Amino acid sequence: MRSKVFQRILDKPFPWYYKIPKLGHLIHQAEVKYKILKAKFEWMEVYFSPFKAPVPKFYVGKVAVGVPHFYPRKWVKATPKLATEAALKEIKRFKDWNETNKGKPRRIPSFEELYKDKLNYQYPVDKKIGFDFVGLGYKTKWSDTDYRFEWGPVWSFVFFGWQIAVSFKVPHPEHYWVCWLTYKNHTYKQSRTRMKIHKAKEVNPEVWTSSFSGSDKKETVCYWDKVLKNKWL
């Protein structure tokens, strides 16, 4: 029979500190930030795996490396200048539409109307000083094992228009990270390394056949052989 104390613990849906509004909110925010930060560095487990280690590639110069798509930037609250620019762009967009679609003109809001609305927005501006840590970018498509690589990890520091960036070079990144994600997420952690590799290959073989234009020649490649250390081939 369960004790009353143990039963009360089981009946609690949230930790006790969530009942204190301000404390619970602060702790929840900290937990969310920790999970986001942890996700950005999870890919580094690959250095302690049977995969070939990513090689750091450094860039130093004017800001030129995206994080991952745009140059380093931050979001700020609207200022009169930003709201004015946004309102004028919106008016121009309406005028261009009406010029292109003369049979279906749209009402062009007044500048005052748009300006008041744009004051409620946030806007991206170039980051003057600061760090960015971009984790591995990927998505799944048709199933939870159908990984699609999107971008590699990037670390960046900017200082008034100058940038120090570190990207991590791997062989055949589109396949390397798919293999790694399969190995990490779809094998038993307690299994031996060779068993995990075997299981990951079953889940995601990564065998591709290429044809050559103007020729009957075909080439079949198992990318596991390209991304694993020689010891594990």
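**Figure 1. Phe-160 sits in the loop between strand 7 and strand 8.** Let's start with this residue of a predicted model, in which local features need a pLDDT of at least 70, side-chain atom pairs count only at pLDDT 80 or more, and totals for chains, interfaces and linings use all residues. Residues are numbered from 1 along each chain as its sequence is written, and side-chain values use heavy atoms, with hydrogens and water left out. Strands (E, at least two residues) and helices (H or I, at least four residues) are DSSP runs numbered from the N terminus. Although Phe-160 is not a glycine, its phi is positive, at about 50°. Most residues other than glycine have a negative phi, and most peptide bonds are trans. The hairpin of strand 7 and strand 8 has two residues between its strands, and Phe-160 is the one with the positive phi.

**Figure 2. Strand 7 (residues 154-159) and strand 8 (residues 162-169) run antiparallel, joined by six bridges.** Two strands are said to pair if DSSP finds at least two bridges between them. On this ladder, Ser-156 has Ala-165 of strand 8 as its bridge partner, while Trp-155 is matched with Val-166 of strand 8. What lies on each face of strand 7? Val-154, Ser-156 and Val-158 make up the covered face, whereas Trp-155, Phe-157 and Phe-159 make up the uncovered one. In a regular strand the side chains alternate between the two faces of the sheet.

**Figure 3. Four strands form an open, antiparallel sheet in the order 1-8-7-4.** Strand 1 (55-62) and strand 4 are the edge strands, each pairing on one side only. With direction ignored, neighbouring strands of this sheet are turned by 10° against each other on average; the axes are lines fitted to C-alpha atoms, and angles run from 0 to 180 degrees between N-to-C directions. Strand 4 meets strand 7 through six bridges, in an antiparallel arrangement. One pair to look for is Phe-131 with its bridge partner Phe-157 in strand 7.

**Figure 4. Strand 9 (residues 207-211) and strand 10 (residues 218-222) are joined by five bridges and run antiparallel.** Ser-211 has Lys-218 of strand 10 as its bridge partner. This hairpin has six residues between the strands, and Gly-214 takes a positive phi near 75° there.

**Figure 5. The largest pocket has a volume of about 280 Å³.** Of its 15 lining residues, Ala-39, Lys-40, Val-134, Gly-135 and Leu-136 are the closest to its centre. On a 1 Å grid over the protein atoms alone, a pocket is an open set of points where a 1.4 Å probe fits, with protein on both sides within 12 Å along at least five of seven lines, and lining residues have an atom within 4 Å of a point. Grid points are joined across faces, edges and corners, and the volume is the space filled by probe spheres set on the points. Helix 2 (21-41), strand 4 (129-134) and helix 5 (173-185) each contribute at least two lining residues. Which element supplies the largest share of the lining? That is helix 5, with four residues. By type, the lining has nine nonpolar residues, two polar and four charged, where Ala, Val, Leu, Ile, Met, Phe, Trp, Tyr, Cys and Pro count as nonpolar, Asp, Glu, Lys and Arg as charged, and the others, Gly among them, as polar.

**Figure 6. Thr-182 has its place in helix 5.** Is Thr-182 buried or exposed? Thr-182 counts as buried because its relative accessibility is 0%; buried means under 20% relative accessible area, exposed over 50%, and partly exposed in between (1.4 Å probe, protein chains only). Leaving out residues up to four places away in sequence, Thr-182 touches Tyr-147, Thr-187, Ala-200, Val-203 and Asn-204, a contact being heavy atoms within 4.5 Å.

**Figure 7. Tyr-138 belongs to strand 5 (residues 137-140).** With a relative accessible area of 38%, Tyr-138 is partly exposed. Residues up to four places away in sequence aside, Tyr-138 touches Tyr-147, Arg-148, Phe-149, Glu-150 and Leu-181. Tyr-138 and Phe-168 are 30 residues apart in sequence and 15 Å apart in space, C-alpha to C-alpha.

**Figure 8. Two backbone details are shown in loops, at His-172 and at Pro-68.** His-172, in the loop between strand 8 and helix 5, has a positive phi near 50° in a residue other than glycine. His-172 is partly exposed, at 35% relative accessible area. Pro-68 lies in the loop between strand 1 and strand 2 (73-77), and a cis peptide bond with omega of about -5° joins Val-67 to Pro-68.
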